[in-house]
Structure formats: C-alpha cells, structure tokens
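Colleague: Please take a close look at the aromatic contacts, with one ring and its partners as the centre of the account. I would like a single connected answer rather than a list.

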Amino acid sequence: MDHRSGELGIITRGSLLEGMEMKLNPNRSVEDIKAGKFVVIEGEKHLFFSMITDVRLEVTNPQILTHPPSRENTLLRQVLSGTSTYATVILRPMLALERVENSHLINPTPQPVKTIPTHFALVYEADEEDVSRIFGREALDRKYFNIGKPLDMDTPVCLNLDRFVERSNGIFGKTGTGKTFLTRLVLSGLIKNEKAVNIIFDTHNEYGWGAMKETGGNRQDFVKGLKQIFGNRVAIFTLDPDSSRRRKVQADHEVLIGYDQIAVEDVIPLQDELSLHPTAMEAAYSIWARYKNDWLDTLLERGEEDIQALADELRTHPESLAALYRKLRRFRAFKFLIPKTSEDIIQKIMEYIDKGIHIVLEFGKESSMLCYLLVANIITRRIHELYVKRTEEYLATQNPANRPKQLVITIEEAHKFLNPRASKQTIFGTIARELRKYYVSLLVVDQRPSGIDDEILSQIGTKIIALLDDEKDIQAVLTGVSNPTGLRSVLASLDSKQQALILGHAVPMPIVIRSRDYDEQFYKDMGFLTEKEREEKVAADIEALFG
Amino acid sequence: MKETHIAEVIESNTTEMIAQCRDLHCSPPFGSFVKVKPTSTSVEGAGFLIYGLVFNVMTNSIEPNRRAVAYGKTEEELRNEQPQIFELLKTEFQAHLVGYQDQTGIKQILPSQPPRIHSFVYTCSLEEVREFTRQSDYLHTLFTISRVPPDELIIATIRNSLEAHAEDAHQYLIQVGKELSRLLREDYDRLSSILRRIAP
Ligand SMILES: Nc1ncnc2c1ncn2[C@@H]1O[C@H](COP(=O)(O)OP(=O)(O)O)[C@@H](O)[C@H]1O
Ligand SMILES: [Mg+2]
C-alpha cells in the first residue's frame with residue numbers, strides 16, 4: 001500500500017447503522033473539518049470511502065465544563081486541546097474497496113459497505129486518485145462529465161451520463177443557490193457528449209441566450225446560453241418573438257398553438273391555477289364529446305352570448321359551462337394561442353429532435369405560471385404520445401434505426417407539475433413514473449421539493465441538491481435514500497451558492513461538490529470558439545483543404 | 001572543562017540516593033536534575049551515567065545522635081564567635097533516580113543497579129536538562145514519592161527546566177502539560193492549579 005498523507009484521525013468506535021466515529025488528530029483544527037468532506041478510512045482489508053456528516057466537541061472530564069479555562073489561560077487551553085478536550089468526527093462510509101493483501105494493487109470495483117473498519121483504523125483526506133477511481137475521468141469515456149470538485153479538493157467529480165439519462169433526475173435547492181447554473185452544466189454535458197436530446201421549458205429565459213449572473217455588487221454580468229455555446233446544435237423556440245427580438249435573441253422558431261391542439265387533459269392540470277371546479281371540467285368533457293378537437297374553439301366562440309344554447313345542446317349545467325368559459329377566456333389573451341395554425345408545432349419539434357437538435361423553449365414575457373403549465377403540458381403530452389408510438393414501432397421491428405433518441409425534458413418550478421394532485425393528472429407524473437420505458441425522462445428543477453409527490457421523488461434517479469433549509473424540503477429530497485440521517489446535516493450546512501450534494505444513480509456514492517464554474521473556461525471546454533478563434537479555424541480548415 | 005562534583009553518594013537503593021554535599025548549604029535546588037558519573041569505566045557493571053532529581057534537602061549534625069542547638073544569634077555572629085560549630089554540620093540531599101544514559105541514549109527508566117556509594121554527583125548542564133526533558137515520561141514516577149508533596153516537586157522541576165527550553169518555552173510547557181493532563185486523568189482542578197503555578 002502506498003503511503004497516504006493527510007492523516008485526519010483514528011477511528012474509535014461506530015456501527016454500520018450510525019456511521020463511524022473518528023477522534024480528530026490533536027494537530028488538526030476542528031474548524032477545518034467540514035461536513036460533506038470526502039475522506040478515506042484505511043481499514044485492515046478495505047478502504048472505506050466516506051463522507052463527514054457531523055462534528056462534535058468532547059471532553060473527557062465533566063469538571064472541565066464546570067470550570068472552563070479562562071480566555072487568558074492559553075496554556076491550559078492548549079494543554080487540554082486534543083487530549084482532554086477533543087473533537088469527534090462522524091463519518092459515513094459510502095463505498096468499500098477491497099485491499100489486496102501484500103500488494104500495491106487494489107481490487108478496482110467499489111462495493112456497497114457491508115462491514116466497518118477495525119478499531120484505530122487511520123482516516124485520511126481523500127486524494128485525487130481516490131476521486132478519479134470512484135467517479136471516473138472525462139478522459140476515460142464520453143459518459144463521464146465533470147460537474148465540480150469535492151470540498152477542498154482540486155480533482156473533478158464526474159457524473160456518469162449514461163446512467164444519468166436512464167432515469168428522471170432532479171436538481172433542488174433554495175432560490176439563488178445555483179440550480180439554474182447546475183442545470184445548464186448538466187445540459188451542456190448531455191449536449192456535448194450527445195447522450196440525449198433536450199427540450200427545455202425555459203420560463204425565465206435563462207437557458208438559450210445570455211442569462212444574468214449575480215455578482216454580489218450592483219454590477220450585473222451575463223453568462224452564455226446554450227445556443228451561444230453550442231451554436232446550431234441548439235434551437236430556440238419562442239412563445240414571444242417580440243421579447244426575443246428585444247433581447248437580441250436569434251430565435252429559430254416561433255411557437256403558435258392552435259385551439260384544436262389543446263385537449264381537455266391539457267386544461268386539467270390548470271385546475272389549481274385557474275381555480276376550476278370539477279364540475280367545470282365535466283362541462284369541458286361534454287363539449288369535447290360532441291366537438292372533439294374544436295371543443296375549445298367552440299367554447300370561446302359561443303361562450304359570450306350563446307352559452308345557454310350550448311348548455312342546452314350539450315345537456316349540461318349552464319353554470320358550470322359559464323364558469324368554464326369565464327376561466328378559459330383568459331386564453332384569448334395569449335398571443336401564441338390562435339384558433340387554427342397552418343403548421344403543427346409538435347411536428348416541427350419532432351423534426352428538430354430527429355436531427356438531434358436541442359430545443360430551448362423561451363416564454364419571453366409570457367411568464368405566468370398558467371402559461372407555463374399550459375404550454376409545457378400541451379407539448380409534452382403530444383411528444384410523449386409520439387414517443388410511445390415510436391417505441392412500440394421500434395419494439396415491433398427491433399430495427400436499431402427505429403430506436404427513438406433518448407429525450408430529456410427540463411422543467412423548472414417542477415412542483416407545479418408534480419405535486420401529489422397534479423402528478424396523477426399530468427403527463428409529467430406519468431413520465432416520471434414509467435422510468436424511461438419510452439425513452440423520455442425528466443430533469444426537474446425545483447426550490448420547494450416538499451411540494452412534489454413523494455412517489456415521484458422516490459423515482460428520481462439522481463439528485464443534485466444545493467442548500468435547503470426548510471426541514472420539510474430536506475426530508476422530501478431524502479425520500480427513498482437509505483439511512484439519510486447524516487446527509488441531513490450535510491445538506492443543511494452547504495454553502496449558499498455553488499455547492500451541492502449529489503446522490504443517486506449517476507454517482508457511485510453521495511458526494512458534496514463545489515459545482516464547476518460556468519465561465520469562459522467552461523465555454524471553451526464545451527467547444528465554444530470566440531469570433532477570432534472561429535475565423536482562425538476556418539482559415540486553417542481551408543488551408544488544410546486546399547494546401 | 002573539567003567538571004567539579006558537588007556531592008558524593010553516601011547511600012543508594014534502586015529508586016533513590018542520598019548524597020552529601022561538598023559544602024555546607026550548597027545543595028542543588030529542590031526539583032533540579034543531577035547526574036552521577038560511573039565510578040570507573042573499566043570496572044564491569046560500574047554503571048552508566050545516572051540521572052536523579054533532587055526532592056529533599058536536609059542539613060544536620062555530622063554525628064548521628066546529636067542535634068544542633070539553638071544559640072539565639074545571627075549566622076554572622078556565630079561564624080565569628082564559634083566557627084567550629086559549622087564544621088559539625090553537613091548538607092545532604094535525596095534524589096529520585098529518573099533515568100540513565102547508555103550507548104544508545106537517554107532512557108527514562110530506573111537503572112538496573114543504583115549508583116555506587118562514593119560516586120560523585122554533578123549538576124546537569126542546560127543542554128543535558130534539555131536533552132533529558134525532551135521526553136516527559138519521568139514525570140509519572142514523581143507522583144510515587146510520598147515524602148514531599150508531589151505537585152510541589154513537579155512544579156519546581158518544570159520551572160527549573162524551563163531555562164533549558166528558553167527557545168521554545170511555550171511549546172515545552174504544552175508538552176509537559178499534556179503529559180500531566182494524562183497522568184492526572186480525573187483531576188482537572190489539580191491540573192489547572194499546577195499549570196497556573198508553572199506558568200512563568
Ligand atoms: N456553477 C456556477 N458558476 C458560476 N456562478 C454560479 C454557479 N452556480 C451558481 N453561481 C452563482 O449563483 C447565482 C445564482 O444561481 P442560479 O442558478 O441563478 O440560482 P437558482 O436557479 O437556484 O435560483 C448565479 O447568478 C451565479 O452568480
Ligand atoms: Mg433559477
């Protein structure tokens with residue numbers, strides 16, 4: 001065994017269930033020990049990769065607490081420190097790696113932890129090799145994507161993107177903790193390494209083109225959107241072309257949705273937002289029963305004057321019908337909703353998806369929750385339908401050429417779609433539940449995970465969690481995590497920006513990271529070329545072609 | 001420089017020795033280190049350099065059954081008027097054996113043989129004290145001496161050795177303090193009292 005450096009302390013006691021206790025070396029300051037730090041316990045037969053979950057001050061003698069040394073009595077303080085007064089660090093072993101006897105080699109596959117290290121096993125800071133051994137390296141395989149670094153370390157932690165896209169995933173954290181930045185990082189990884197095609201429902205116009213970055217002062221900086229980094233591999237669809245133009249965004253496509261493309265199912269999830277009574281929903285179904293795709297057009301056309309006649313015709317309650325009309329009347333104000341469209345937006349989206357082009361759907365000024373819910377539902381429901389059909393075709397033919405491209409749909413404010421009530425009614429609930437049977441999965445971004453249905457939360461494959469301070473939210477994100485005790489304190493002690501706990505399917509063990517900087521270097525790593533670089537490259541290509 | 005001895009061993013056992021000082025009232029201080037040089041390097045088993053710690057100093061009559069008597073005069077008057085009475089007095093000290101030095105270095109262990117009678121006793125130089133007190137294991141044997149209050153002995157010993165650690169006095173005190181803290185396990189009050197009195 002090569003000799004490790006960075007000794008932190010020794011294991012004094014512990015259990016599989018509660019984690020291990022380490023006595024901190026007297027020469028280490030307890031204030032350097034951070035919750036979430038990645039450490040290694042060198043057991044007799046295994047290395048235990050662990051996370052610091054708690055830190056505690058201890059005294060051997062209660063007398064000390066009755067008469068604590070005064071401030072001036074530095075000698076007494078220093079004498080006591082590390083012996084009579086010391087720090088205990090609670091570690092949670094997350095993975096074990098077998099040490100091969102009498103050899104430098106280590107059996108390379110990390111195993112779940114089924115035992116604990118012996119008494120007085122030494123504990124070290126993890127080193128670079130540990131990190132890359134566990135989390136992989138970008139250079140090894142395109143499935144690895146650098147998402148950040150462990151606390152106090154300088155080696156990248158990688159997400160396994162292949163595993164990431166196998167499930168729906170979540171990015172959580174209070175407002176301002178870096179969710180959107182993390183999401184852009186993850187999406188960049190998926191785009192760069194071509195692991196999935198993305199549709200991003202971008203209510204706040206932060207993903208496509210130039211998003212704001214808080215700088216702490218009054219000054220505001222902008223960061224690049226995905227379209228700026230990835231060029232024509234990303235298309236911007238907009239609901240509000242005026243707004244896009246004003247923001248100097250080159251939108252690729254304007255989204256127009258015909259009334260005939262809106263199904264009753266698309267309105268059901270708006271019940272809360274519109275405070276629609278269930279009887280109004282019944283009325284909607286009764287119009288649909290007769291008018292099918294023209295139901296909404298009919299309601300909005302005849303609602304003003306002719307509602308009684310319509311009620312008679314449908315044999316339904318005029319009050320419910322009138323209530324429905326009064327609520328849905330608001331649709332008329334949406335510029336992107338028109339009675340008939342010449343082109344099916346869904347077809348358009350599918351064309352892009354088939355070409356592997358990622359879509360950022362900007363809402364411009366149409367940023368009301370009502371609008372967001374409505375559009376996301378309409379589009380997702382229909383795309384999902386197409387995906388189901390395509391998957392069935394693929395399964396029937398088993399022709400690899402028919403295999404649908406993995407699709408990831410990103411939604412912010414996810415609890416609006418996935419709260420216990422909505423998740424049973426919306427397409428998003430269905431997608432989250434069916435895993436990726438139909439090659440569609442979700443990337444849900446939310447600041448209030450306690451609002452999301454437990455059942456959905458427990459289906460989420462990989463969670464990237466920034467600071468949360470509401471106990472309910474912390475509990476919610478740890479739903480379905482075995483033995484979550486230690487992780488609670490880790491979550492509550494994250495920095496308020498750019499730090500996150502990652503756990504689940506795409507990482508071999510939970511780890512706290514400082515997320516990768518989303519900056520010039522990152523754009524470059526993603527293949528972005530500045531104007532000048534591009535010109536040079538073109539010149540070089542020409543040179544290469546024509547000599 | 002040739003060292004001159006300050007005393008001569010007149011009684012010894014496995015853990016202690018008594019030495020008589022060359023000059024009246026000229027004992028090494030309470031809580032200071034002394035060394036006993038081997039009588040002869042050629043004599044087999046004549047021993048190693050042995051270190052002791054002075055824990056008791058006494059001055060009394062050279063005649064076993066006589067005591068000095070009170071004269072009611074100052075020492076100066078007495079020296080002028082009856083100088084002979086000082087000839088009848090001797091100063092002795094008791095030292096606890098705290099370790100020895102063999103070819104491999106200093107050991108804080110009792111020597112296998114006590115110092116021989118009539119060996120000469122010397123004070124330890126600052127370097128020797130520094131070398132010896134690099135470790136603090138000897139401290140625990142000081143608690144076993146019952147004839148003097150051990151805390152007093154420890155305080156005196158540490159204060160005396162402090163000069164030898166002038167360069168890193170604070171570090172030295174922490175090291176010693178930690179050893180004491182270990183030895184006094186359950187007695188925080190006693191520890192803090194000792195430390196308070198040690199501090200320069
Ligand atoms: N990876 C990162 N790189 C650079 N800055 C970041 C990063 N993560 C967070 N930040 C900073 O934190 C601020 C808030 O991040 P944001 O993603 O907008 O938070 P949220 O979406 O959770 O409200 C950003 O404006 C930026 O200044
Ligand atoms: Mg955000």
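Modeller: For this purpose two rings of Phe, Tyr or Trp, the last taken by its six-membered ring, form a pair if their centres lie within 6.5 Å, and a pair is called stacked with planes under 30 degrees apart, edge-to-face with planes over 60 degrees apart, and tilted otherwise. By that criterion the structure holds 18 aromatic pairs over all chains, and two of the pairs that involve Phe33(B) are the ones I would follow here.

In the first of these, Phe33(B) sits 5.2 Å from Phe132(B), centre to centre, and with 55 degrees between the planes the arrangement counts as tilted. The two partners come from distant parts of the chain, Phe33(B) belonging to strand S3 (residues 33–36) of chain B and Phe132(B) to helix H3 (residues 126–132) of chain B, with their positions 99 residues apart in the sequence. Both Phe33(B) and Phe132(B) are buried.

Phe33(B) also pairs with Tyr138(B), in this case edge-to-face, at 5.7 Å between the centres and 70 degrees between the planes. Because Phe33(B) lies in strand S3 of chain B whereas Tyr138(B) lies in the loop between H3 and helix H4 (139–142) of chain B, this pair ties together parts that are 105 residues apart in sequence. Tyr138(B) is buried, as Phe33(B) is.

All of this rests on a predicted model, which should be kept in mind when these distances and angles are read. Chain B has an average pLDDT of 91, with 96% of its residues scoring at least 70, and the model as a whole scores ipTM 0.82 and pTM 0.83.

For context, aromatic rings in chain A are also linked through ring pairs, which join Phe181(A), Tyr518(A), Phe522(A), Tyr523(A) and Phe528(A) into a cluster. One ring of that cluster, Phe181(A), has Arg184(A) lying over its face, at 4.4 Å from the ring centre. Arg184(A) is itself among the buried residues of helix H5(A), an element that is mostly covered, with 12 of its 14 residues buried. Helix H5 spans residues 179–192 of chain A and reaches 20 Å from its first C-alpha to its last, close to the 20 Å expected. Back in chain B, an arginine is again placed over a ring, Arg79(B) lying over the face of Phe86(B) at 4.1 Å from the ring centre.

Notes:
Residues numbered from 1 in each chain as written. Chains lettered and ligands numbered in written order. Predicted model: local features only at pLDDT ≥ 70, side-chain atom pairs only at ≥ 80, totals over all residues. Heavy atoms only, no water. pLDDT = per-residue confidence, 0-100. Helix = DSSP H or I, 4+ residues; strand = E, 2+ residues; numbered from the N terminus. Buried < 20%, exposed > 50% of the residue type's maximum accessible area, 1.4 Å probe, protein only. Lys NZ or Arg CZ within 6 Å of the ring centre and 35° of its normal. Expected span 1.5 Å × (residues − 1).
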